[in-house]
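Hi there,

Here is the structure I promised to pass on. Have a look at it first, and then read on for what turned up in it.

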Amino acid sequence: MKVDKSKTRIINDTHSFEVGISSWNDEEKSIRCRYNAPDSGRFSPHGSSELPLSDLQPLIEVAAENDLLNIPECAAIIEALSKSIANQSVK
């Protein structure tokens with residue numbers, strides 16, 4: 001993945017979310033939940049999944065359809081999506 005560091009959200013020293021150009025196609029954006037292994041500095045093989053953005057919508061839909069998120073988590077997602085809609089509407 002070619003990471004756009006300006007779009008990275010750092011959660012803590014070993015966990016971040018990265019956005020960039022996918023590792024499989026230079027024309028496609030992707031997002032990755034990155035966990036650094038504390039001993040080697042490399043990615044954890046179990047927690048650094050890179051997803052195409054086209055998988056994000058069905059992933060969230062399946063979580064919602066199966067009540068996997070609690071009410072505050074759902075509200076936070078709705079708030080973030082509402083802000084995105086407002087930002088994109090003025091462009």
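A residue counts as buried under 20% relative accessible area, as exposed over 50%, and as partly exposed in between. Phe 17 has 31% relative accessibility, so this residue is partly exposed. Please keep in mind that this is a predicted model.

**The overall layout**

The protein has 2 helices and 5 strands. Following the sequence, you will meet them in the pattern β-β-β-β-β-α-α. The C-alpha trace spans about 40 × 30 × 20 Å along its principal axes. Of the 91 residues in the protein, 14% count as buried. The accessible surface comes to about 7200 Å², and carbon and sulfur atoms hold 56% of that. Among contacts with a separation of 6 or more, 15% are between residues 24 or more positions apart.

**The largest pocket**

You may want to turn to the largest pocket next. Its volume is about 1100 Å³. The lining consists of 22 residues, and those nearest the centre are Arg 9, Phe 17, Val 19, Ile 31 and Leu 56.

Which elements supply at least two residues each to this lining? They are β2 (9-12), β3 (15-21), β4 (29-35), α1 (53-65) and α2 (71-89). Helix α2 gives the largest share, with 6 residues. Sorted by class, the lining has 13 nonpolar, 4 polar and 5 charged residues.

Phe 17, the partly exposed residue from the start of this note, is one of those nearest the pocket centre. Phe 17 sits in strand β3. Leaving out residues up to four places away in sequence, Phe 17 touches Lys 7, Thr 8, Arg 9, Ile 11, Arg 32 and Cys 33. Arg 9 in that list is also among the residues nearest the pocket centre. Lys 2 is 15 residues from Phe 17 along the chain, and their C-alpha atoms are separated by 13 Å.

**Two buried serines**

Is Ser 30 buried or exposed? Ser 30 has 0% relative accessibility, so it counts as buried. This serine lies in strand β4. Its side chain makes a polar contact of 2.7 Å with the side chain of Glu 50. Not counting residues up to four places away in sequence, the residues that Ser 30 touches are Met 1, Glu 18, Val 19, Gly 20, Ile 21, Ser 22, Trp 24, Glu 50, Leu 51, Pro 52 and Leu 53.

Ser 22 belongs to the loop between β3 and β4. With a relative accessible area of 3%, Ser 22 is buried because that value falls under 20%. The side chain of Ser 22 reaches the backbone oxygen of Asn 25 at 2.7 Å. Beyond its neighbours within four places in sequence, Ser 22 is in contact with Met 1, Glu 28, Lys 29, Ser 30 and Glu 50. Met 1 and Glu 50 are thus among the contacts of Ser 22 and also among those of Ser 30.

**Three more residues to look at**

Asp 55 is in helix α1. Its relative accessible area is 37%, so Asp 55 is partly exposed. Asp 55 and Ser 30 are 25 residues apart in sequence, with a C-alpha to C-alpha distance of 9.4 Å.

Ile 10 is in strand β2. This isoleucine has a relative accessible area of 64%, which means that Ile 10 is exposed. Setting aside residues up to four places away in sequence, Ile 10 touches His 15 and Ser 16. Arg 34 lies 24 residues from Ile 10 in sequence and 9.5 Å away in space, C-alpha to C-alpha.

Finally, find Asp 67 in the loop between α1 and α2. What is phi of this residue near? Phi of Asp 67 is near 50°, a positive value in a residue other than glycine. Most residues other than glycine have a negative phi. Asp 67 is also exposed, because its relative accessibility is 67%.

Happy browsing, and best wishes!

Methods: Residues numbered from 1 in each chain as written. Predicted model: local features only at pLDDT ≥ 70, side-chain atom pairs only at ≥ 80, totals over all residues. Heavy atoms only, no water. 1 Å grid on protein atoms, 1.4 Å probe; cavity = no way out; pocket = protein on both sides within 12 Å on 5 of 7 lines; lining within 4 Å. Points joined across faces, edges and corners; volume = space filled by probe spheres on them. Helix = DSSP H or I, 4+ residues; strand = E, 2+ residues; numbered from the N terminus. Nonpolar A, V, L, I, M, F, W, Y, C, P; charged D, E, K, R; others polar. Buried < 20%, exposed > 50% of the residue type's maximum accessible area, 1.4 Å probe, protein only. Contact = heavy atoms within 4.5 Å. Areas by Shrake-Rupley, 256 points an atom, 1.4 Å probe, with all protein chains shown as cover. Polar contact = N/O pair within 3.5 Å; in protein donor to acceptor, adjacent residues only side chain to side chain.
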